[in-house]
Amino acid sequence: MHLFRITFCALGLFAGIGWAMAAPGAAVPAADEPTRDECNAAVAEARALAEGLPPDHLSRYFAERHLHQAMAEAGNGEFDECLEMAARASVEVRERRHELRPGERLKVLGVDE
Amino acid sequence: MFPSSKTILLTAASASLALTQGAAAEGLGHNERRGNPYVAGDMHNHNTCTDGSVAAGYTIDRAVGRGTASAGGNNFDLDWFTLGNHGGSGNRDCRFSDTSANLPGQTTTTWSQTLGQTIDGITISSLKGTPNGTGTGAQMWRWQSIREIEYPTIVDRSAKYDKVLIEGLEWIAPGHEHVDVAVITGQHPRKSNGNADKMAEFEYRFDRADTDAIGPVIDAGGNQLWPGKDNVNNTGTAGHQKALTGVKWLQANYPLQSYIIPTHTERQGPFSATANKGYNIEHFRDFNNAGPTVAFGIESPGHFAEGGASGGSGSYTTNAVGGGTYGMSGVYTAKVGGLWDGLLGEGRNFFMYVSSDWHSRGAGGARDSFTTADFIPGEYTKLYVPNAGRFSSQHVIDGMRSGNSYSVNADLIGPDMVFRAKTRGDEWKTMGETLVVRPGEKITVEMELTVPNENNSPYSFDNPLLVPIGIKQPLNKPSLDHVDLITGQITGVVAPDAPNYAVANAAGTAGAAIVYNPSATIARQISAEQMQRGHRGDRDGVRLKFTTTFVAGTKPFYIRARGTNIPNGTPNVSDTAGNPLLDANNAQVSCTDPACPTHLETVNGVKKVTHDVQAYSNAWFYANPIFIRPEHSPKLLVETNGELARRLGQRADNDHDHDDHHHDHH
């Protein structure tokens, strides 16, 4: 067991961050549907918020997990759910939804455990 | 005192409608049946082909495997499993789990990294159809991953497990929220052959997130295997019409081999004529009218551990119809007199189901015991369908269609529930069936159930929601407080041109105030203490039984059941009648036991009843209705649609016989 951690090196891999090219020949999404650009912007904004917390703050960890899921949704083309997960990350940071008491730690199994 | 399990088995099996296509469906060995009258499954879950966190094969392993997974974490031993992943596309190679799952040797891998490689015996040479992204963003359309990744994975796991595995879909329906779908025609994974082409074709043709304009081709000239796709009408009212076309396509082609079950139906709010949102009652009516043997129900949301300090269980925000979940169910099914009761009040064959909607464990990795998002299939919720002898994928669909089905959270009850009614003699009718009565006659209703000794909760501290009322109830020990028998009058099918066919809907808690069937009521509430009690052995738990009576009137009605561990009037959890309150209220309660886990949300530094602790604290089961009709009154829609299923089954059997005869002469 070890204190929580997450590796974000794969984020760009699984959501193709920055990729915004329309698929040639594919139908165009409805005008009022959220777009990949909106998803990316919301994630970037929430990530900036999270980075304002100390690296070991539990709410930062939770927010980063939400943002990871946001990009998974984007990789699936579900930009509405991407926005929802980004919003959750922002709320997590703003309201400090998770806090550790003195001596507490969140135990998450590491990949090598 | 109680019938043997074999007696119960006969009762349950007798209710299954249209057990057809036996030769086409695949079965399990008898050794796997374990003698239970019902078998547990899950039809809604995800993997890295779309937005899940683990590989397709890993999801199956955890859901249906036994004991402990090789890299750690419990398996959950489901009897049947439908891999029901989103439509659309995905850029991750779902033979690999995501890095965030913290599984040894597994890192996020995209199709761009693996094209041309043989992995797990599968080689993907190219991403087919309309090009969709580049580099690490290059996406595989779901029709391809259904055919070339998920179904072969199901074939592989079918050789490993003696379980029923089905390739399904969470359809992103045009104009609407999502829908669980499966088309089993052509799927023969236990024979190591077949394909999921019909499932894939449905996804390609009707999923609004699948905007591919090409699909599979049949020759070098690029001629399409599935021509004629509507790639335009994906939104609002036009989208709903396209969704109806999809329902009709299933009804016309696979009337007994498919289902469509809308899911987390309240989440996106009411239907919108110009966007892709939720459903109003008229849309469920449209579906059932267009697909009488395929569109027969509604799924209450999964995502049970997402509840935080301001709500969120079920992945519902305050904008959902109802403003959130109630006892972990959406308001359409949780509210007495709500939308589900409205549909039952028409006599429709419209039943309720629950599944996990497994994506990830949120803050935890796949092997951690805690979750702040979803449970692995079989861990928390189980969808029970009849154990029909040599169990097969066809029996999963037949069981669901029959209505002889119930759904259980936190293993509140086990796989051997009996819920039945009779008048004279010994002709019992169970869930989904119709009891024909004489006015004035006494109707006997009987329920038996087993409360298991334990569930899968990793927590043994006392239920924090019940501490304020002085009840000590360990979270890992299921406990039934009472069962509600809910009745409602049946007033007949509402015609599409009737003024009350469409009903105005509302987001938020305003949506919870809408009454669709004012006659629905908790007609009986039976406390566990009032029930007869027997023991099933140390391992299996406590067997409970009660019998009650109703007097038949001159109007048809239905009786459905639900049960819970929550007493009436539990502060922040239930009202004085026993109805679940908005689950966001649970977080008003503090979790003060020294064992309350670190991942719970806090308010002013105090842990609140949230996430998986909330889910295990607030446990419910739902049983589908038994219909009651006075003799000489018109048959209910549930009866006529059941008869339609039987006729279609007989016709299919005849066609099958004819085909066999035809082949014999060649």
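Trainee: What makes β17-β16-β19-β23-β22 of chain B a sheet, and is it open or closed?

Mentor: In this predicted model, those five strands of chain B line up in that order with antiparallel pairing, and the sheet is open. The edge strands are β17 (429–430) and β22 (532–535) of chain B, each of which pairs on one side only.

Trainee: How do you know that β19 and β23 of chain B pair?

Mentor: Pairing needs at least two bridges between the strands. Ten bridges join β19 (residues 442–451) of chain B to β23 (residues 542–551) of chain B, so the two count as paired, and they run antiparallel. As an example of who faces whom, B:Glu446 stands opposite B:Thr547 in β23(B).

Trainee: And what holds strands together in general?

Mentor: Strands of a sheet pair through backbone hydrogen bonds.

Trainee: Let's turn to the two chains. Why is the link between A:Glu33 and B:Arg208 called a salt bridge?

Mentor: The rule asks for a side-chain nitrogen of Lys or Arg within 4 Å of a carboxyl oxygen of Asp or Glu. Here the partners are an Arg and a Glu, and their closest N and O atoms are 4.0 Å apart, so the pair is counted as a salt bridge. Across the interface of chain A and chain B the rule finds five salt bridges.

Trainee: Which elements of chain A touch chain B?

Mentor: Those giving two or more residues to that side are α1 (11–15), α3 (58–75), α4 (79–95) and β2 (107–108) of chain A. The most comes from α3(A), with nine residues. By class, the side of chain A that touches chain B has 20 nonpolar, ten polar and 19 charged residues.

Trainee: How many residues does each chain bring to the contact?

Mentor: Chain A brings 49 residues and chain B brings 62 residues. Together the chains bury about 4100 Å², with 46% of that on carbon and sulfur atoms. There are also 24 residue pairs in polar contact between chain A and chain B, both residues being at pLDDT 80 or more.

Trainee: How confident is the predictor in chain B, on average?

Mentor: The average pLDDT of chain B is 92, and 92% of the residues score at least 70. Over residues 1–33 of chain B, though, the pLDDT is below 50, yet this stretch has 90 contacts in the model beyond near neighbours in sequence. Residues 659–666 of chain B also stay under 50, with zero contacts beyond four places in sequence.

Trainee: What are the scores for the model?

Mentor: The ipTM is 0.84 and the pTM is 0.92.

Definitions and conventions. Residues numbered from 1 in each chain as written. Chains lettered and ligands numbered in written order. Heavy atoms only, no water. pLDDT = per-residue confidence, 0-100. Contact = heavy atoms within 4.5 Å. Buried area = accessible area lost by both parts, 1.4 Å probe. Polar contact = N/O pair within 3.5 Å; in protein donor to acceptor, adjacent residues only side chain to side chain. Helix = DSSP H or I, 4+ residues; strand = E, 2+ residues; numbered from the N terminus. Nonpolar A, V, L, I, M, F, W, Y, C, P; charged D, E, K, R; others polar.
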